[in-house]
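Please look through the sequence and the structure shown below before reading on. The report after them moves from the whole chain to its strands, its helices and the surroundings of a ligand.

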Amino acid sequence: SEKRLRHSEQLSVIGELAAGIAHEIRNPLTSLKGFLQLISHESSGSKYEDIMSSELERINLIVNELLLLAKPKEMEFEPTRILSLLKTVVTIANTQAILHNIQIKLVYNEELEKIMIYCEENKLKQVFLNLLKNAIEAMNEEGNIYIKFKKLGDKLHLFFIDEGPGISKEIIGNLGKRFYTTKPDGTGLGLMISMNIIREHQGELFITSEEGIGTKVEVVLPIKESPTLKESITSAQV
Ligand code: ADP
Ligand code: MG
């Protein structure tokens with residue numbers, strides 16, 4: 001619909017703006033990292049240099065995330081092993097989780113190892129990172145975040161479960177609205193962008209929460225059927 005189109009146009013404007021700024025930050029960032037390395041070589045290295053280096057790494061991570069926002073003209077969907085994508089995301093999110101004594105636990109078995117999703121990998125990574133970031137920010141100090149899955153028919157259900165304070169009934173309806181945030185330094189863009197990306201993948205995103213217990217975000221994605229199965233259906237029809 002027209003309304004939907006305008007919405008996605010706005011999204012790409014935000015994306016291009018963010019990517020443009022990220023691009024500008026990248027050059028001075030690269031030189032900062034270079035000079036810090038030089039200093040570390042000359043002096044014998046102090047804890048301040050370690051902190052500076054890890055903080056620079058965080059800026060680097062954020063900048064890279066923002067660069068992903070630049071919307072390519074057309075989405076390029078590729079068959080992707082969802083498990084390896086999740087493992088990468090967990091590795092990235094762990095750098096933040098560790099600082100808060102939070103453990104991210106990816107719970108899976110052989111079934112998930114085989115599951116392929118037809119997706120734009122970087123976009124889906126961005127969604128999962130947003131969800132984990134929200135969970136970490138909600139929990140603040142200590143606890144577990146679980147990533148679980150369920151295969152139901154031709155759909156993969158992923159669950160991101162945290163042990164944070166949960167979300168009140170009054171607030172939950174506002175989630176995903178543009179710029180809606182309850183955090184002093186929040187952007188209120190994470191869920192909106194995530195919901196859009198999931199919709200572009202013919203998927204769905206649900207948030208359920210219980211105050212004092214935690215929040216569960218469910219992402220439903222279509223599973224890419226294996227080519228052999230597709231072939232056998234086609235030949236059966238002929
Ligand atoms: P931001 O993180 O910048 O605030 P988001 O769109 O990612 O923006 O999230 C919007 C709001 O949704 C958050 O400010 C927070 O109030 C709420 N929220 C999202 N995820 C969780 C969660 N796991 N637990 C509690 N509240 C959450
Ligand atoms: Mg967020």
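Two residues are said to be in contact if their C-beta atoms, placed from the backbone, lie within 7 Å. With that meaning, residues 24 or more positions apart account for 71% of the contacts in the protein chain that have a separation of 6 or more. The model discussed here is predicted, and its protein chain has 238 residues, of which 22% count as buried. The secondary structure of this chain comes to 8 helices and 7 strands.

**Strands**

The table lists two pairings in which strand 4 takes part.

| Strands | Residues | Sense | Bridges |
|---|---|---|---|
| Strand 2 and strand 4 | strand 2: 102–106; strand 4: 143–152 | parallel | 5 bridges |
| Strand 4 and strand 5 | strand 4: 143–152; strand 5: 155–161 | antiparallel | 7 bridges |

Single residues illustrate these pairings: glutamine 103 stands opposite asparagine 144 in strand 4, while the bridge partner of tyrosine 146 is isoleucine 161 in strand 5. Strand 4 and strand 5 form a hairpin with 2 residues between them, and in its turn glycine 153 has a positive phi of about 60°.

**A buried and an exposed residue**

Is isoleucine 104 buried or exposed? Isoleucine 104, whose place is in strand 2, is buried because 21 other C-beta atoms lie within 10 Å, and the cut-off for a buried residue is 20 or more. Leaving aside residues up to four places away in sequence, isoleucine 104 touches Val90, Ala93, Asn94, Ala97, Leu132, Ile145 and Ile147. One of these, isoleucine 147, is 43 residues apart from isoleucine 104 along the chain, yet their C-alpha atoms are separated by 7.5 Å.

Lysine 177 lies in the loop between helix 6 (169–172) and helix 7. Lysine 177 counts as exposed because it has 11 other C-beta atoms within 10 Å, where the cut-off for an exposed residue is 12 or fewer. From lysine 177 to glutamate 225 there are 48 residues in sequence and 33 Å in space, C-alpha to C-alpha.

**Helix 5 and helix 7**

Two packed helices are described by the angle between their axes and the distance between the axes. The axes of helix 5 and helix 7 come within 9 Å and cross at roughly 145°, and helix 5 passes helix 7 in a left-handed crossing. By class, this contact has 6 nonpolar, 5 polar and 2 charged residues. On the side of helix 5, the residues that meet helix 7 include Leu124, Val127 and Leu131, and the residues they and others meet in helix 7 are Gly190, Ile193, Ser194, Ile197 and Ile198.

Within helix 7, Gly190, Leu191, Met192, Ile193, Ser194 and Ile197 are buried, and what covers the buried residues of this helix includes helix 5 and strand 6 (204–210). Just after helix 7, glutamine 202 takes a positive phi of about 60°.

**Around ligand 1**

Which residues come nearest to ligand 1? Of the 20 residues around ligand 1, they are Asn134, Ala138, Thr181, Gly186 and Gly190. Helix 5 (121–139) and helix 7 (190–200) each supply at least two residues of this shell, and the largest share, 4 residues, comes from helix 5. By class, the shell around ligand 1 has 8 nonpolar, 10 polar and 2 charged residues. Gly190 therefore appears in three settings: Gly190 is buried in helix 7, belongs to the contact with helix 5, and is among the residues that come nearest to ligand 1.

Notes:
Residues numbered from 1 in each chain as written. Chains lettered and ligands numbered in written order. Predicted model: local features only at pLDDT ≥ 70, side-chain atom pairs only at ≥ 80, totals over all residues. Near = placed C-beta within 6 Å. Nonpolar A, V, L, I, M, F, W, Y, C, P; charged D, E, K, R; others polar. Axes fitted to C-alpha atoms, helices over the stretch in contact; angles between N-to-C directions. Left-handed = near helix turned anticlockwise from the far one by under 90°. Pairing = 2+ DSSP bridges.
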